[in-house]
Amino acid sequence: MRLWIGVTLPLLPLEIFQPQWCEDGPHAVLEQERVLVMNGAAARLGVRAGLRRGGAQALAPETVLHERDPVREQQALQALAFCLLQYTPEVAFTGAAQLVMDVTASLRAFGGRLALCRRVRAGLRLLGFTARLGMAPTALGARLLADAPPPGAGQVGGGQVSARRRVVRLERLTAVLDALPVGLLAAARPHHDWLQGIGCSTLGELRRLPRAGLQRRSSKLLLDELDRAYGQSPELHDWVAVPPVFAAYAELPYRTEHSDAILLSANGLLLQMIGWLVAQQLAVTRLQLSMEHERGRTAVPPTLLEIVLSEPAWQEAHLLRLLKERLERMALVAPVIALRLHAVQLQPLAPPTASLFPEPGGTPADYHRLLELLVARLGEDAVLTPAPLADHRPEICNRWQPATRAPAARERAGAGLAGTDSSLKTERPFWLLAQPLALLVREHRPFYGSALRLVSAPERIESGWWDGNFVARDYFIAIGAESACYWVYRERVGDQVRWFLHGLFA
């Protein structure tokens, strides 16, 4: 049996235009010079839906009036859908401010029904919206449970409101839906007065009416909607389609230079990107956050913050932590008024490891996450990793590069060594001196605390004639009297022979 979550966003135009209105004084949204919605502060002052602009200003002069912006509403709905895609690819709009999502295959991955509902509600809250959720075996049933106001909030079209919003079994759903007001069905609202006149106020009473007579006096759409809610007819949905490229935009509610306020808005963009990545089965390796400043005559170029990851990632906690570290270290030239997030470089999402036992000391992904966190906190030039170069001279082939750039260098080096003969590989120490140390020669043997005994065949290196740093050396592994191993070389320049210490073995 399938399981659905319905999402209803109350007062959608108001919250989309400015989410903080719920706590910040009286506000109202106008559409065609009439009040469409208002927040609680404006309602307490007497502002009601349908009032003209002049009437609202006369009743409550301190109320801030705003024009409805359908374009921004659509952008916000798309942001909500992208956020929900991280839980299931099957997300569909069912109304102006309503969504449904099929979570049948997602329950185990997210810890069960309650944990999944908490995560959905928390994600929508980060985007700035408060939502009512319903869960049911049918999509329309889940949406009706989400639409039903809580007990004590009044009735919608008559009837008693049920407090139960999560139903798993279809038999239980029938009993719960029977108690809901009939006005929750969109097809029943045009016939509300007639239904109330014959004493039909709940969905249960509506189902008990003769179907033939109900269809003649209302419409077939009402019966179809009723059957879909109770699981007696199939439901068809147009799933949300994701674009091939991700780019999200968000305007800040006020000008700010504080990293915490910027991070709060950027977190909503990250949630959208994560949903898009999951839907596309991709992971990000480079993302860019553009912070826009003043426009017009005093325009300031946007500040770009780019994060390069050493390992493809798509987890919210890791990306948010990297973004926080970088924002705290960044000095802004002007207040920020808007944000743009771009997923610049992507890779296919790697399948989970097939290893039966966990890696000792953490997984490779944990190691890469630690590197990225250190780079974000200390800077790219402060976190280095060895990156071999194609050169025989030890002091050149052993270089340090920023940790975020090292994977590509290691891949190139690995590709270059893949075709070499294993018999040509030589043993070299891990510890090389920054500068070779000249050694004394006693009885034709190098001396370092004691006479050194050569225990390996020579490794001859003649290289660097093309860049003016020609070297001609014979490297040996040598052992001292205390059994310490050294890496020494004999320099051949003309008739002179000099010995140098270049490295130490563990």
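**Note on the predicted model: aromatic pairs, strand E2 and Arg-143**

1. Phe-246 and Trp-276 are both buried. The model is a predicted one, and this pair is a good place to start. The ring centres of Phe-246 and Trp-276 lie 5.8 Å apart, with the planes at 40°. An angle of 40° falls between the limits of 30 and 60 degrees, so the pair counts as tilted. Phe-246 sits in the loop between helix H11 (220–229) and strand E8 (247–256). Trp-276 belongs to helix H12 (residues 259–280). The two are 30 residues apart, and the pair links distant parts of the chain.

2. A second pair joins Tyr-475 and Trp-487. Here the centres are 4.2 Å apart and the planes stand at 25°, so the rings are stacked. Tyr-475 lies in strand E19 (residues 471–479) and Trp-487 in strand E20 (residues 485–493), twelve residues apart. How buried are these two? Tyr-475 has a relative accessible area of 1%. For Trp-487 the value is 2%. Both values are under 20%, the limit for a buried residue, so Tyr-475 is buried and Trp-487 is buried.

3. Tyr-475 and Trp-487 are part of one aromatic cluster, together with Tyr-489 and Phe-500. Tyr-489 also has a charged partner: the charged end of Arg-473 sits over its ring, 4.6 Å from the centre. Elsewhere, Arg-207 places its charged end over the ring of Tyr-230, at 4.2 Å from the ring centre. For the whole structure, the count of aromatic pairs is ten.

4. Next, strand E2, residues 27–31. Four of its five residues are buried, so "mostly covered" is a fair description under the 20% limit. E2 has two strand partners to check. With strand E4 (residues 64–67) the pairing is parallel, over four bridges. Within that pairing, His-27 has Val-64 as its bridge partner. With strand E3 (residues 34–38) the pairing is antiparallel, again over four bridges. There, Val-29 is bridged to Val-37.

5. Which residue in the turn between E2 and E3 has a positive phi? The two strands form a hairpin with two residues between them, and Gln-32 in that turn has a phi of about 55°. In a regular strand, side chains alternate between the two faces of the sheet.

6. Arg-143 deserves a look. The residue is found in helix H6 (residues 139–147). Its relative accessible area is 7%, so this arginine is buried. What is Arg-143 in contact with, once neighbours within four places in sequence are left aside? The list is Gly-6, Thr-8, Thr-94, Gln-98, Val-100, Leu-184 and Glu-225.

7. Cysteines. The disulfide count is zero. Cys-117 is buried at 4% relative accessible area. Cys-397, at 9%, is buried as well.

8. Overall figures. The protein chain has 16 helices and 21 strands. Of its 506 residues, 44% count as buried. Among contacts between residues at least 6 apart in sequence, 61% join residues at least 24 apart. The chain exposes about 27,400 Å², and carbon and sulfur atoms supply 55% of that area.

Technical notes. Residues numbered from 1 in each chain as written. Predicted model: local features only at pLDDT ≥ 70, side-chain atom pairs only at ≥ 80, totals over all residues. Heavy atoms only, no water. Buried < 20%, exposed > 50% of the residue type's maximum accessible area, 1.4 Å probe, protein only. Pairing = 2+ DSSP bridges. Disulfide = S-S within 2.5 Å. Phe/Tyr/Trp six-rings, centres within 6.5 Å; stacked < 30°, edge-to-face > 60°. Lys NZ or Arg CZ within 6 Å of the ring centre and 35° of its normal. Contact = heavy atoms within 4.5 Å. Areas by Shrake-Rupley, 256 points an atom, 1.4 Å probe, with all protein chains shown as cover.
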